[in-house]
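The following exercises practise the description of helix packing and of empty space in a protein. Each task is followed by a solution in steps.

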Amino acid sequence: MLVTTLTEQPSLLKAAALLPPRLSLGSTLVFHGLSKLKKEGVAQTAPMFEQLGFTPGKPWVIAVGITEVVSGVSAILGVATRLTAFAVLATQAVAIGKVHGPKGFDNLQGGYEFNLSLVGTALALLLRGPGSLSVHSALETAAKRRELRRFRLLSRQRRRSRLLDLLG
């Protein structure tokens with residue numbers, strides 16, 4: 001019965017389709033970012049960052065941790081999703097290039113298997129945006145209502161609308 005209900009409402013499926021990737025990517029980022037920001041996380045991760053050439057390590061760990069937490073929350077809420085996706089692609093490219101790439105594909109051997117799944121999810125969100133069940137969609141709807149009430153688009157409103165679309 002549930003399958004029939006969902007297939008009869010393709011707009012509901014389409015609206016919900018990007019929710020699982022956003023929640024998955026977002027929760028992963030928040031978890032990893034918070035673990036880096038804890039006192040013991042900074043102490044454990046800073047030496048590794050310094051070995052990779054990011055010196056001093058502590059500010060880099062904090063910057064990456066904050067980026068991951070903010071990006072994760074952004075992905076979960078569905079606001080600035082494309083910016084979040086770009087941040088994930090950049091950090092994972094560095095992680096694969098500097099740490100996981102030489103170890104091969106297998107995640108159990110320290111390889112890039114998990115990083116590749118994050119890249120795939122981020123790439124999908126970069127290309128598609130957050131979907132209609134998102135803060136972005138709510139902001140976009142509110143902006144369009146304001147534009148319709150005025151019956152004309154001022155140049156600054158068009159710029160705001162384009163910026164909102166770009167951030168996705």
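Axes are lines fitted to C-alpha atoms, for helices over the stretch in contact, and angles run from 0 to 180 degrees between N-to-C directions. The model used throughout is predicted.

**Exercise 1.** Determine at what angle the axes of H3 and H7 cross, and classify the pair.

*Solution.*
Step 1. The axes of H3 and H7 cross at roughly 130° and come within 10 Å.
Step 2. Angles over 145 degrees count as roughly antiparallel and 65 to 115 as roughly perpendicular, with oblique for what is neither these nor under 35 degrees. H3 and H7 are therefore oblique to each other.
Step 3. The crossing of this pair, H3 and H7, is left-handed.
Step 4. On the H3 side, the contact is made by Pro21, Arg22, Leu25, Thr28 and His32. H7 contributes Phe114, Leu118, Thr121, Ala122 and Leu125.
Step 5. Sorted by class, the residues of this contact are six nonpolar, three polar and one charged.

**Exercise 2.** Describe how H6 packs against H7, and state which residues make the contact.

*Solution.*
Step 1. Helix H6 covers residues 81–100 and helix H7 covers residues 113–128. Their axes lie 8 Å apart, at an angle of about 155°.
Step 2. Because of this angle, H6 is roughly antiparallel to H7.
Step 3. The crossing of H6 with H7 is left-handed.
Step 4. The residues of H6 in the contact include Thr81, Ala85, Leu89, Ile96 and His100. Among those of H7 are Asn115, Leu118, Ala122, Leu126 and Arg128.
Step 5. The contact of H6 with H7 comprises 14 nonpolar, four polar and two charged residues.

**Exercise 3.** Classify the orientation of H3 and H4 from their crossing angle.

*Solution.*
Step 1. The axes of H3 and H4 cross at roughly 85° and come within 5 Å.
Step 2. This angle means that H3 is roughly perpendicular to H4.
Step 3. Ser35, Lys36 and Leu37 of H3 meet Lys39, Gly41, Val42 and Thr45 of H4.
Step 4. The classes in the contact of H3 with H4 are two nonpolar, three polar and two charged residues.

**Exercise 4.** Describe the largest pocket and the largest cavity by volume and lining.

*Solution.*
Step 1. The volume of the largest pocket is about 680 Å³. Its lining consists of 25 residues, and Lys36, Phe49, Val64, Glu68 and Ala95 lie nearest its centre.
Step 2. Helices H3 (19–37), H4 (39–51), H5, H6 and H7 each give two or more residues to this lining. The largest share, eight residues, comes from H6.
Step 3. The pocket lining has 13 nonpolar, nine polar and three charged residues.
Step 4. There is one cavity of 30 Å³ or more in the structure. The largest cavity has a volume of about 30 Å³.
Step 5. Leu29, Thr67, Glu68, Ser71, Ala87, Val88 and Thr91 line the largest cavity. Helix H5 (57–77) and H6 each supply at least two residues of that lining.
Step 6. By class, the cavity lining holds three nonpolar, three polar and one charged residues.

**Exercise 5.** Examine the backbone at Pro56 and at Ala80: is the peptide bond from Thr55 to Pro56 cis or trans, and is phi of Ala80 positive or negative?

*Solution.*
Step 1. The bond from Thr55 to Pro56 is cis, with omega near -10°. Pro56 is placed in the loop between H4 and H5.
Step 2. Phi of Ala80 is near 55°, a positive value in a residue other than glycine. Ala80 belongs to the loop between H5 and H6.

Key:
Residues numbered from 1 in each chain as written. Predicted model: local features only at pLDDT ≥ 70, side-chain atom pairs only at ≥ 80, totals over all residues. Heavy atoms only, no water. Helix = DSSP H or I, 4+ residues; strand = E, 2+ residues; numbered from the N terminus. Left-handed = near helix turned anticlockwise from the far one by under 90°. Contact = heavy atoms within 4.5 Å. Nonpolar A, V, L, I, M, F, W, Y, C, P; charged D, E, K, R; others polar. 1 Å grid on protein atoms, 1.4 Å probe; cavity = no way out; pocket = protein on both sides within 12 Å on 5 of 7 lines; lining within 4 Å. Points joined across faces, edges and corners; volume = space filled by probe spheres on them.
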